[in-house]
Amino acid sequence: MTNDASLPADMNTLVMERDVQGWQGVFRTNPAFHLVLAFFVGIVAGLGAVAFRRLIGLMHNAFFFGQISSRFDDLQHSAASFWGLGVVLVPVFGGLVVVWLVRTFAPEAKGHGVPEVMDAIYYGSGVIRPVVVLVKALASSISIGSGGSVGREGPIIQIGAAFGSSLAQWLRLQEWQRLGLIAAGAGAGIAATFNTPVGGILFAIELMLVEVSARTLVPVMIATGTAAFVSRLFLGDYPSFIISQHMIDRTMHQSAGAYAAYVLLGLLAGGAGLLFTSSLYWTEDRFERWIKNPYARHAAGMLGVGLVIYFMITFTGHYYVEGVGYATVQDVLDGLITHPGFLLLLLLLKILTFSVTLGSGGSGGVFSPALYVGAVLGGLYAVIANHLLPGIGVSMTIAAALGMAGMVAASTGAAVTGAVMIFEMTSDYHIIIPLIIVASLAFGVRRLITRETIYTRKLIRRGHFIPEARHSNLYLMRPAGEFIETPLIRVKGSRTLADIAVLLHRGREIPHILVLEGTQPRAVLTAPRVRELLRHRQSSTPIENFASEEWFSVPVDCQIYDLVARFRATHQECALLCRIDPPEHHEDVIAIVTIEDVLAYTSLPMRLLRPHAAQ
């Protein structure tokens, strides 16, 4: 059957769909076959995790010792390199190779991987190029192996997701199946990396799945379970970190004072998560502004990392902050590092080297650095708490484990994943209540200040908004005025960005701006645009030069369903919610609502609100 030019476009699409014949056409509609595909995705993700860890060992031994060997125990500190002072240049050389690989073959391999997967899900119809698998594995293993202060889980997530996407494209599966296999591959990568199958499932649910139902969740479960099993076959059934049974038993006898201390730890972890995220993007902005050439940019950043690790090995005997840093995390869990000043130094240096490695153009994950910072923060907190209140009985090991969960929750937004993964790592049911306290409070502190996570901030800076939740269509029937979150300020068009910056010192959240001409609304400036302009410091320019006059007005009781229809019909991105429609005075305007605001509330795909964006 072939397409007929005389048929309407929608009929052509129908013909193309029915033209899939043979075994592909039979299997794409078979639910059992979809589960078999998830099984294969799990196998590949598990094998990919094993191979990637071996590759990191191979690169580390080659760069630091000139040896061809993949043997590497990440819970043990690496021996000093025979290069001596020359170790400063090892990260530089590795970084140059990484930039060449990324720029030549796959720009998507730059950075920490997870945002690219999320971008493909929400803005790319689930299409990830197969070449990303190879380039991401090579670039990230070189970055980590040569001393870059990043994690290994982001690349494995991207590898698993890319295989799921490639398999679905080859079989010409429907889009929901393709997106489901991507989420299955991502969750399987987490499960295989940390030996946490339940954590992998929750990671896929919290961050990857656009639809949570039996038809999407069961494949994720199959893939994560399979990946964890494959990983255990080759690497053994061991947790990522070792916590002694003695320390686990202590969680059975926590005092009320200790639980009160965990509340404060959760709040501190939330603040640390914000610092962790902000430092990465602040560093990235500065590198891009100061050094235009990508090779020179990353070489300069990795030279700084090289100097730090040389300083550490010279004066402390260990590199401490290079690579994934699991050996340092294990030291904190074992109570081997107890000096508060040194713990604070490790925390700050890890944030610095992590931000510089990724911000200057490296490739690697953010999950492991978040665990590192959380463990050191928890250990530091326990030392100080026990010094100030000797009878409180806060275990350094337990506080470090809780700090890891809190940092994951605050930085990535995966609060349930963080808590459950630490639970799986400790195999201690009694720690679950402290985990709930710390992870939820850390997440709450971050969410109170900003809804952007370390993953979504990168995409928002591209103009790609990622929904925070999945809702039923019930929410489409609610009045649009019920989901107003972003504040509104009204200013004259002659006001400058400097004036706006002064106004924002009084509040914590960037507002939408309604630009006035006399008493009438004239133009709008959305919160993301305000944030972008303030970042570039164009402070002396009147805001009317940046504002958009493309908007429409709707009554404040307009249903979200109707608001979505207006967005689609007008192809505009801003709506004024008004007491009187059309507004007769600027005071009739209750709020400004953008496409991004609607997406945040309804979790609708961008293509539904912007039909032309899919072209």
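Which helices each supply at least two residues of the lining of the second largest pocket? In this predicted model, the answer is α3 (31-65), α6 (131-145), α8 (175-194), α10 (214-235) and α14 (326-333).

## The second largest pocket

Let's begin with this pocket, which has a volume of about 800 Å³. Its lining is made up of 39 residues, and those closest to the pocket centre are R53, F72, D73, D74 and L75. By residue type, the lining divides into 16 nonpolar, 15 polar and eight charged residues. If you would like to trace the walls on your screen, start from the helices α3, α6, α8, α10 and α14, each of which gives at least two lining residues.

## Contacts that reach along the chain

Several residues in the helices have a partner that is some way off in sequence. Helix α6 offers two examples. V132 is found in this helix, and V132 is buried because its relative accessibility is 1%, under the 20% cut-off. The C-alpha atoms of V132 and F105 are 8.1 Å apart, while the two residues are 27 apart in sequence. A137 also lies in helix α6, and with a relative accessible area of 13% A137 is buried too. The partner here is A49: 88 residues separate A137 and A49 in sequence, and 9.8 Å separates their C-alpha atoms.

Helix α7 holds L167, a buried residue with a relative accessible area of 14%. L167 and I182 are listed with the other two pairs in the table below.

| Pair | Apart in sequence | C-alpha to C-alpha distance |
|---|---|---|
| L167 and I182 | 15 residues | 9.6 Å |
| V132 and F105 | 27 residues | 8.1 Å |
| A137 and A49 | 88 residues | 9.8 Å |

## Aromatic rings and the charges over them

The structure holds 14 aromatic pairs. One of them joins F39 and F40: the ring centres are 5.8 Å apart and the planes stand at 70 degrees, so this pair is edge-to-face. Are these two residues buried, exposed or partly exposed? F39 counts as partly exposed at 39% relative accessibility, and F40 counts as partly exposed at 43%.

Another pair is formed by F552 and F567, whose ring centres lie 5.3 Å apart with planes at 75 degrees, so it is edge-to-face as well. This pair links distant parts of the chain, since F552 belongs to strand β4 (residues 552-555) and F567 to helix α23 (residues 560-570), 15 residues apart. Both F552 and F567 are buried. Elsewhere, ring pairs link F64, F65 and Y319 into a cluster.

Two rings also have a charged side chain over them. R215 lies over the face of W176, 3.9 Å from the ring centre. Over the ring of Y372 sits the charged end of K350, at 4.7 Å from the ring centre.

## Cysteines

For anyone planning to look at the cysteines, how many disulfides are there? The count comes to zero. A disulfide is a covalent bond between the sulfur atoms of two cysteines. Two of the cysteines can be described by their surroundings: C558 is buried, with a relative accessible area of 10%, and C578 is buried at 0% relative accessibility.

## Backbone details worth a look

Where does the chain have a cis peptide bond before a proline? The bond from D581 to P582 is cis, with omega near 0 degrees. P582 is found in the loop between β5 (574-578) and β6 (589-594).

Two residues other than glycine have a positive phi. For S125, phi is near 55 degrees, and this residue has its place in the loop between α5 (114-123) and α6. S125 is partly exposed, with a relative accessible area of 22%. That label applies because partly exposed covers the range between the 20% and 50% cut-offs. For R172, phi is near 55 degrees, and R172 is placed in the loop between α7 (153-170) and α8. At 44% relative accessibility, R172 counts as partly exposed.

Definitions and conventions:
Residues numbered from 1 in each chain as written. Predicted model: local features only at pLDDT ≥ 70, side-chain atom pairs only at ≥ 80, totals over all residues. Heavy atoms only, no water. 1 Å grid on protein atoms, 1.4 Å probe; cavity = no way out; pocket = protein on both sides within 12 Å on 5 of 7 lines; lining within 4 Å. Points joined across faces, edges and corners; volume = space filled by probe spheres on them. Helix = DSSP H or I, 4+ residues; strand = E, 2+ residues; numbered from the N terminus. Nonpolar A, V, L, I, M, F, W, Y, C, P; charged D, E, K, R; others polar. Disulfide = S-S within 2.5 Å. Buried < 20%, exposed > 50% of the residue type's maximum accessible area, 1.4 Å probe, protein only. Phe/Tyr/Trp six-rings, centres within 6.5 Å; stacked < 30°, edge-to-face > 60°. Lys NZ or Arg CZ within 6 Å of the ring centre and 35° of its normal.
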